[in-house]
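Biologist: Hello! Could you walk me through the charged side chains in this model?

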Amino acid sequence: MASEPVEEMPYTEPPPAQQPATPAQPDQLTLKFRDMNDYSIDFKLKPSTKLVKAMNAFSARLQKDTKELRFLSEGRRVLPDQTPSDLDLEDGDEIDVHMEQIGGYMI
């Protein structure tokens, strides 16, 4: 059995590797809202979005009025009309959520 001559194929470079799709857009950042019971929700926000949107959503999940909760970032109070860029927040930062305490009694 005679073998047929093999035709040489020209060398071609492999196609460039495709970049994997990133789940978060570069103009978005993820903030984690966490309460004292370790209940947390991650929110994807644009740096220019007012934090009141995430605050209201977190309050609704807890079935509390937003006025009953205090939101803190690195010990500083977070106001509803502030944005992540106002507070210099970065992707992955946490916002601590505490119950408002009114009054008190000293012994």
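Biologist: Which side chain meets Glu100 in a salt bridge?

Modeller: First, a word on the model: it is predicted, so local features need pLDDT of at least 70, side-chain atom pairs count only at pLDDT 80 or more, and totals for chains, interfaces and linings use all residues. Residues are numbered from 1 along each chain as its sequence is written, and side-chain values use heavy atoms, with hydrogens and water left out. A salt bridge here is a side-chain nitrogen of Lys or Arg within 4 Å of a carboxyl oxygen of Asp or Glu. At 2.0 Å, N to O, the partner of Glu100 is Arg70.

Biologist: How many residues apart in sequence are the parts that Glu100 and Arg70 tie together?

Modeller: Strands are DSSP runs of E, at least two residues long, numbered from the N terminus. Arg70 belongs to strand 3 (residues 69-73), while Glu100 is in the segment after strand 5, so the parts this pair ties together are apart by 30 residues.

Biologist: Which residues are linked with Arg34 in a network of salt bridges?

Modeller: Arg34 meets Asp38 at 3.7 Å, N to O. Arg34 also meets Glu94, at 3.3 Å, N to O. The network therefore links Arg34 with Asp38 and Glu94.

Biologist: Is Asp38 buried or exposed?

Modeller: Buried means under 20% relative accessible area, exposed over 50%, and partly exposed in between (1.4 Å probe, protein chains only). Asp38 has 56% relative accessibility, so Asp38 counts as exposed.

Biologist: How many salt bridges are there in the whole structure?

Modeller: We have met Glu100 with Arg70, and Arg34 with Asp38, among others. A search of the whole structure gives a total of 4.

How values were computed. Helices (H or I, at least four residues) and strands (E, at least two) are DSSP runs, numbered from the N terminus.
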